[in-house]
Amino acid sequence: MLKIENLHAEIDGKEILKGLDLEVRAGEIHAIMGPNGAGKSTLGYVLGGRDAYEVTAGSVTFLGEDLLEMEPHERAAAGLFLGFQYPVEIPGISNVQFLREALNSQRRARGENPLSGAEFLKLARGQADALGMDQEMLKRPVNVGFSGGEKKRNEMVQMGILGPKFAILDETDSGLDIDALKTVGDGINRILRAPDKGVLLITHYQRLLDYVRPDKVHVLADGRIVRSGGPELAEALEREGYAAVAA
Ligand code: ADP
Ligand code: MG
């Protein structure tokens with residue numbers, strides 16, 4: 001579903017991605033691990049279409065389309081979801097308002113009818129329940145005053161509501177306690193473990209992978225994939241460190 005070839009990207013004139021190749025097929029979950037500063041978040045931003053990043057070479061195909069030619073909202077409407085390492089706070093806009101607008105603009109872009117307020121609330125409540133999020137948090141301004149773990153849980157609720165085809169989740173496990181980790185892991189499996197869906201899970205730690213078993217694990221170092229393997233690669237990284245395994 002997602003095919004990245006020889007991707008080079010820079011920010012402020014500094015090259016961060018230096019010829020990255022990666023293919024995720026429908027039904028697969030891939031994990032990307034790697035040291036700080038390797039370019040993991042940069043990869044997420046480039047795939048999401050963030051302005052500041054300039055792609056200087058290479059290609060990205062998503063569901064047969066040229067992803068790099070699409071605007072960020074077109075990418076979202078096509079079914080791409082990006083979960084951020086640092087979710088943004090949006091004062092003055094409630095979670096439900098924000099999510100309904102996001103969902104309905106994606107539905108309109110796909111030629112589907114927007115959901116009514118009542119239909120939307122039912123969906124949102126169901127997702128909040130499934131992810132163990134207090135219903136009251138749906139009414140609060142987006143992420144404002146949420147703890148790190150609550151932001152991540154909220155991100156999974158957003159994902160459940162939007163129902164993407166493919167998610168790129170950047171350190172969704174950071175700041176989560178053990179219970180939240182399990183809830184988030186279950187959420188990823190429930191929402192995205194399907195024959196026609198896919199996930200790119202960016203993580204520092206093996207522990208999330210205990211809940212979300214990846215089909216493939218890649219090590220990203222200095223802007224490239226330097227090693228790929230199965231789940232056992234993540235275990236080796238945890239035991240021996242990046243320097244030993246990715247050398
Ligand atoms: P990771 O997520 O793997 O830890 P990032 O993708 O966040 O790494 O960062 C990759 C590299 O890009 C880092 O060395 C970082 O300092 C650098 N970087 C990020 N933003 C900028 C910027 N605006 N200007 C210059 N370098 C940047
Ligand atoms: Mg990062």
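**Ligand 1 shell and the α3–α5 contact**

The shell around ligand 1 is made up of 4 nonpolar, 5 polar and 3 charged residues (Ala, Val, Leu, Ile, Met, Phe, Trp, Tyr, Cys and Pro count as nonpolar, Asp, Glu, Lys and Arg as charged, and the others, Gly among them, as polar). This is a predicted model, in which local features need pLDDT of at least 70, side-chain atom pairs count only at pLDDT 80 or more, and totals for chains, interfaces and linings use all residues. Residues are numbered from 1 along each chain as its sequence is written, and ligands are numbered from 1 in the order in which they are written.

**Surroundings of ligand 1**

- Ile11, Asp12, Lys14, Ile16, Pro35, Asn36, Gly37, Ala38, Gly39, Lys40, Ser41 and Thr42 surround ligand 1, each with a heavy atom within 4 Å of it.
- Polar contacts (a pair of N or O atoms within 3.5 Å) link oxygen atoms of ligand 1 to the backbone: a backbone N or O atom of Gly37 lies at 2.7 Å, a polar backbone atom of Ala38 at 3.1 Å, and a backbone N or O atom of Gly39 at 3.0 Å.
- On its own, ligand 1 has 570 Å² of accessible area, of which the protein covers 65% (Shrake-Rupley method, 1.4 Å probe).
- β2 (14–24) and α1 (40–48) are the elements that give two or more residues to this shell; strands are DSSP runs of E with at least two residues, and helices are runs of H or I with at least four.
- α1 gives the most, with 3 residues.

**Helices α3 and α5**

- The axes (lines fitted to C-alpha atoms over the stretch in contact) of α3 (residues 95–109) and α5 (residues 148–162) come within 10 Å and cross at roughly 35°.
- Asn95, Phe98, Leu99, Ala102, Leu103 and Gln106 of α3 meet Asn154, Gln158, Ile161 and Leu162 of α5, with contact meaning heavy atoms within 4.5 Å.
- The residues of this contact comprise 6 nonpolar, 4 polar and no charged.

Definitions and conventions. Side-chain values use heavy atoms; hydrogens and water are left out. Axes are lines fitted to C-alpha atoms, for helices over the stretch in contact, and angles run from 0 to 180 degrees between N-to-C directions. A polar contact is a pair of N or O atoms within 3.5 Å; within protein, one must be able to donate a hydrogen and the other to accept it, and residues adjacent in sequence count only if both atoms are side-chain atoms.
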